[in-house]
Amino acid sequence: METSSKRSGHPPETGQSAEPAPCRYGHFSADGTEFCITEPSPPRPWANIIAGPRLGLAVSQSGSGFTWIDNSQLAVITRWQQDLIRDTSGKFLYVRDPESGTVWSLSPAPAWTPHDRYLCRHGLGYTTFETELVGIAARWTLFAHSFETAELWRVELANLTDRPRHLEICAFLEWNCGVAPAPRREFTKLFLETSFDEGRGAVFARNHMWEVPSQRHGHWNTEFPYISALAGTEPVSAAQGDKGAFLGRYGYLRSPQALREEDWVPAFGRHQDPIAALRSLVALKPGERRDLGYVLAVASSRPEAESVLDRMTNVEAMDAALQDVRTGWKTRLAAHRVETPEPSFDHLINDWVRYQAISSRLWGRCGYYQQSGAYGFRDQLQDSQVWLTIEPARCRDQINLHAAHQFADGSVYHWWHPLTEQGNVTRMTDDLLWLAFVTANYIKETGDLEILEDTTPFLDDSTRTPLREHVQRAFERSFTRTSPRGLPYIGAGDWNDGLSAVGLEERGESVWLGHFLAGLLKDWAEVLRRTGRADLAAEYGERRKALVEAINRHGWDGEWYIRATLDDGSLLGSATNRVGRIFLNAQTWAVLADVAPRERAARCMAAVREHLTSAAGALLLAPAFDQPVPEIGYITRYAPGLRENGGVYTHAATWAIAAAAKVKDHELVGRLLTAINPAAKDPESYWAEPYVLPGNVDGPDSPHHGRAGWTWYTGSAAWLHRVVAEWVLGVRPEWDGLRIDPSLPPGWEHARMVRPYRGCTYEISIERSDAVPGEASLVSVDGEPLKDNVIAPPCKPGAHHRVNVRCR
Ligand code: GLC
């Protein structure tokens, strides 16, 4: 198969690369903003999660995928089946050449007719398929409009031959219009209704039943609150609303019967297996190109859906919308950039992980492996830190959204579903505290204490209450959940969802939560001091002191910190355990939260090096559990080496990089960074996308050590960006300034960063120099040496400063 882009019938687009392919299946474009997949069958689907604030779509290199609005689990518009082996499910464009009888699709799936040329370019906010077959070149770009609730398909066809061609193009999708997955199709299809609007050439779909708890009229008694429609720019020569009629009895998506039929008997209404298929005829003169497109509109009423179609179903509007999406991402990510000696790493940090955090985690709340739709109380709060340096107001909004999902007693939902406001009450013990964590980081970045006066209600008390009070109640609730030894209870888990039974009787204790709380108490004491609450600040200071003492008295195992105690008092994460002897977070946070005295910090990080460092990254624990232990939780039920059970859990693996940087273990920083870089992997063993982070990579107790999965939907995306910026390049916001404290990995002789900070822009250039006497860097701002390595504003708003850093 021809895989280079040379034979393209199209002019090259910007962002397309001339770089050689570093892996068999594809490569970054020259500017890094696209990943170009040149082989249609990588080991796993290599997807793009393309979302605007409301509507989103997932699409893999095969062309499979689906569309949702507002909630990727409860409001899924098109049907899709998660089958990561066959990956042939979704919305497709077929082409038929009546002359030769050839049927193909403009992506590999569903026809899987080998193209003469294939290229899939996943970009920020769009995916483009470029294919050629029987002398017809096609370019198909899918994207979500940046504010209209519409998915747009921009198509270009070109006749590369010297004879006239008469093609049939057919768009196809299955309606879901509700909760997904919906495996009982025989049931759910009973409520769907389609219709064909001749004038617009559009298929409309609605669902008279929405499988969510109804507020007013009881179960299964609610209308799905959206109308969806598919229309194209070309006159429709035939339309179909029934899957059976389209595929034929026992027919295949690969080669639907209707494509071979001249006349279609359209079937719309309430008694079909509902799909939308639209066929158009496209005649192309020799060498002619044709621009066309399709719109999948979703709105809360039929007139609104019609109006979206009427505005968007023309190529000019679509081109402008695509331009808008591209500019949107470029502008959004422009203010904060890094430059390191490793280009693939820069592509990841500057563009892909932040796109991943915003598009997949915050807006879409969706991945190819997990369709969540919900807000995790701790998850999306952490993710929202990705906005801090670029649009901090959005982080503030996220903080307030979460504050509004707290109960008056300080407890919070573990997660909740926007749209239906269904929430999950658990006995997790850390969720509520992330409110303080992210608020403190927001204040460090912006200096804006006013956020504390933002008011939101509680779930069970409509009185609008300032954020400082929300945070206060979270702390107070945590204080009451403390063991007689002064350690926090672990309850049904803390950060680690899988430790779901360790402390169900409220006796088991958490050492990690102790670290986390100790760090927070330090930060919040400072917030209190700055807002005139010296009394409470002193109290928090005392609490921290007592907690740190308790942790160091009861939590130290000899060479590292234990992770927790079970309800029966036995230890978890101790050298006395056969499995689960050492846990990563209990070491890294001892360092990050300044709980470990210097000597213990060195020892527990040495233990991380020795027991938890693998070529795939830092392991969450070792050795993996090999038998279910009901008293510990479902973590022990995972296959050994997978996800939290002894895999590299990427989210926590980013914290290990920060901790290594904090103890100035440059070698470990380098090792863990390289280990986590998906672009540096061999796809044959790693499997997953090279351009975004996976949630987990198999650890050494799996026979597939180094195999990655659960891509896109992971909190590591926002964190890797933060850790690289703040700990590796070491540009870290503190209460009154930007601290400069790099820990460059060996082999990185220089790095650069441009970053806004409180109204100014800093251009920071970092050089390694043996002349630097100790670990503290030598820093100058606009040529003036800086004494304490903290750049303190205020400066003139809009001012540009040059910072030169020399470090070890
Ligand atoms: C999942 C959860 C997250 C948790 C992590 C570790 O990613 O969404 O909240 O911290 O697992 O268990």
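**Exercise 1. Asp 310 and its partner**

Is Asp 310 buried or exposed, or does it fall in between, and which residue does it pair with?

*Solution.* Step 1: Asp 310 has a relative accessible area of 46%, so it is partly exposed; buried means under 20%, exposed over 50%, and partly exposed anything in between (1.4 Å probe, protein chains only). A quick note on the ground rules: this is a predicted model, where local features need pLDDT of at least 70 and side-chain atom pairs count only at pLDDT 80 or more, while totals for chains, interfaces and linings use all residues. Residues are numbered from 1 along each chain as its sequence is written, and side-chain values use heavy atoms, leaving out hydrogens and water.

Step 2: The partner is Arg 200, and the closest N and O atoms of this salt bridge are 2.8 Å apart. The term stands for a side-chain nitrogen of Lys or Arg within 4 Å of a carboxyl oxygen of Asp or Glu. The two residues belong to distant parts of the chain, 110 residues apart: Asp 310 sits in helix H3 (residues 302-312), and Arg 200 in the loop between strand E14 (192-197) and strand E15 (202-207). Helices (H or I, at least four residues) and strands (E, at least two) are DSSP runs, numbered from the N terminus.

Step 3: Look at Arg 200 from its other side. Arg 200 is partly exposed as well, at 29%, and its side chain also makes a polar contact of 2.9 Å with the side chain of Asp 197. Such a contact is a pair of N or O atoms within 3.5 Å; within protein, one must be able to donate a hydrogen and the other to accept it, and residues adjacent in sequence count only if both atoms are side-chain atoms. Asp 197 lies in strand E14, is buried at 12%, and has a polar side-chain atom 3.1 Å from the backbone nitrogen of Gly 199.

**Exercise 2. Two more bridges and a network**

Which parts of the chain do the pairs Arg 79 with Glu 174 and Arg 396 with Asp 448 tie together?

*Solution.* Step 1: Recall the principle: side chains of opposite charge can pair when their charged atoms come close. In Arg 79 and Glu 174, the closest N and O atoms are 2.8 Å apart. Arg 79 is in the loop between strand E6 (76-78) and strand E7 (92-97) and Glu 174 is in strand E13 (residues 165-178), so the bridge joins parts that are 95 residues apart in sequence. Arg 79 is partly exposed at 22%, whereas Glu 174 is buried at 10%.

Step 2: Arg 396 and Asp 448 meet at 2.9 Å, N to O. Here helix H7 (residues 392-403) is tied to the loop between helix H8 (434-446) and strand E24 (455-458), and the residues are 52 apart in sequence. Arg 396 is partly exposed at 22%; Asp 448, at 17%, is buried.

Step 3: Zoom out. The structure holds 69 salt bridges, and shared partners join Glu 34, Arg 117, Arg 121, Glu 130, Glu 132, Arg 139, Glu 156 and Arg 289 into one network.

**Exercise 3. The ligand shell**

Which residues surround the ligand, and how many of them are charged?

*Solution.* Step 1: With a heavy atom within 4 Å as the criterion, the shell consists of Arg 378, Asp 379, Trp 495, Asn 496, Asp 497, Glu 644 and Tyr 649.

Step 2: Sort them by class: two are nonpolar, one is polar and four are charged.

Step 3: Check the ligand's oxygen atoms. One is 2.7 Å from a side-chain N or O atom of Arg 378. A distance of 2.9 Å is found to a polar backbone atom of Asp 497, and also to a side-chain N or O atom of Tyr 649. On its own the ligand has 310 Å² of accessible area, and the protein covers 83% of that (Shrake-Rupley method, 1.4 Å probe).

**Exercise 4. The nonpolar cores**

How many residues does the largest nonpolar core have, and which helix gives it the largest share?

*Solution.* Step 1: A core is a set of buried Ala, Val, Leu, Ile, Met, Phe, Trp, Tyr and Cys residues joined through side-chain atoms within 4.5 Å. The largest has 232 residues, and Leu 106, Leu 157, Ile 169, Trp 175, Phe 475, Trp 524 and Leu 720 have the most contacts inside it.

Step 2: Helix H10 (residues 511-530) supplies the largest share, 12 residues.

Step 3: Another core of 15 residues lies apart from it, including Phe 172, Phe 246, Ala 258 and Ala 277.

Technical notes. Nonpolar A, V, L, I, M, F, W, Y, C, P; charged D, E, K, R; others polar.
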